[in-house]
Amino acid sequence: MKTFYDYYRNQVKLSFEDHPFSTAPKHVWVICRYKEQWLLTKHKDRGLEFPGGKVEQGESADEAAVREVKEETGAEVERLHYIGQYYVAGKGGTIIKNVYFAEISHLEEQPHYYETEGPVLLNQLPDSIKNNTLYSFMMKDEVLTECLKIIKFKHLNSY
Ligand code: GTP
């Protein structure tokens, strides 16, 4: 388990165990890969980030991950890999989020992309996301860097 502070100085606990904080987390975040590129979305307020959101009633976290990717990018998840879970002790309460790695089979243009401006494909993630105002705060703590290490270590991706 790793403990650190996020962009807003909220405490974050990140673990790569099997659902250590909750078996039914209410949030999901999905690191997506499509044809040798990273697939992100552009949130209207937060900026560039991997897709994700809230688990709806009657839905599993895995189902929410597939749905959120589709809604925010138009992408079809071919394979979904659970990576880990994190816990954020926010000012207004705590949230627990599953992180996934998704392999995307294809992209389909959508009539709308909910609270985002749709898909953004990148060959590489920039080295210094922390100082980059184009990127969402969610991309600016150790959750992303640690999850990318696991994805690489498990050979889930060939980047
Ligand atoms: P809405 O109901 O959609 O308006 O939700 P919200 O803006 O209150 O956000 P949400 O319930 O998703 O999250 C509450 C707070 O938790 C946010 O304001 C953030 O501070 C924090 N938070 C949510 N997701 C993340 C995340 O992925 N990483 C980090 N570090 N903090 C997060």
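Below are three exercises on this predicted model, each with a worked solution.

Residues are numbered from 1 along each chain as its sequence is written, and side-chain values use heavy atoms, with hydrogens and water left out. Because the model is predicted, local features need pLDDT of at least 70 and side-chain atom pairs count only at pLDDT 80 or more, whereas totals for chains, interfaces and linings use all residues.

**Exercise 1. Describe the fold of the protein chain, from its elements to its overall dimensions.**

Start with the secondary structure, which comes to two helices and nine strands, where helices (H or I, at least four residues) and strands (E, at least two) are DSSP runs numbered from the N terminus. Next, read these elements along the sequence, which gives the pattern β-β-β-β-β-β-α-β-β-β-α. The radius of gyration, taken over C-alpha atoms, is 15 Å, close to the 15 Å that the globule rule gives for 159 residues, so the chain is as compact as a globular protein of that length; the rule itself is 2.2 Å times the number of residues to the power 0.38. Finally, the C-alpha atoms fill a box of roughly 40 × 35 × 35 Å, taken along the principal axes.

**Exercise 2. Work out which residues surround the ligand and which side chains make polar contacts with it.**

A residue is near the ligand if one of its heavy atoms lies within 4 Å of it, and the residues around the ligand are Asp-6, Asn-10, His-27, Lys-54, Tyr-86, Val-88, Ile-95, Lys-97, Phe-137, Met-138 and Asp-141. Then look for polar contacts, which are pairs of N or O atoms within 3.5 Å; within protein, one must be able to donate a hydrogen and the other to accept it, and residues adjacent in sequence count only if both atoms are side-chain atoms. An oxygen atom of the ligand lies 2.6 Å from an N or O atom in the side chain of Lys-54, and an oxygen atom of the ligand is also 2.6 Å from such an atom in the side chain of Tyr-86. For Asp-141, a nitrogen atom of the ligand is 3.2 Å from a side-chain N or O atom.

**Exercise 3. Place Asn-10 in the chain and decide whether it is buried or exposed.**

Asn-10 sits in the loop between strand 1 (2-5) and strand 2 (11-15). Its relative accessibility is 10%, so Asn-10 counts as buried, given that buried means under 20% relative accessible area, exposed over 50% and partly exposed in between (1.4 Å probe, protein chains only). The side chains of Asn-10 and Lys-91 are joined by a polar contact of 2.8 Å.
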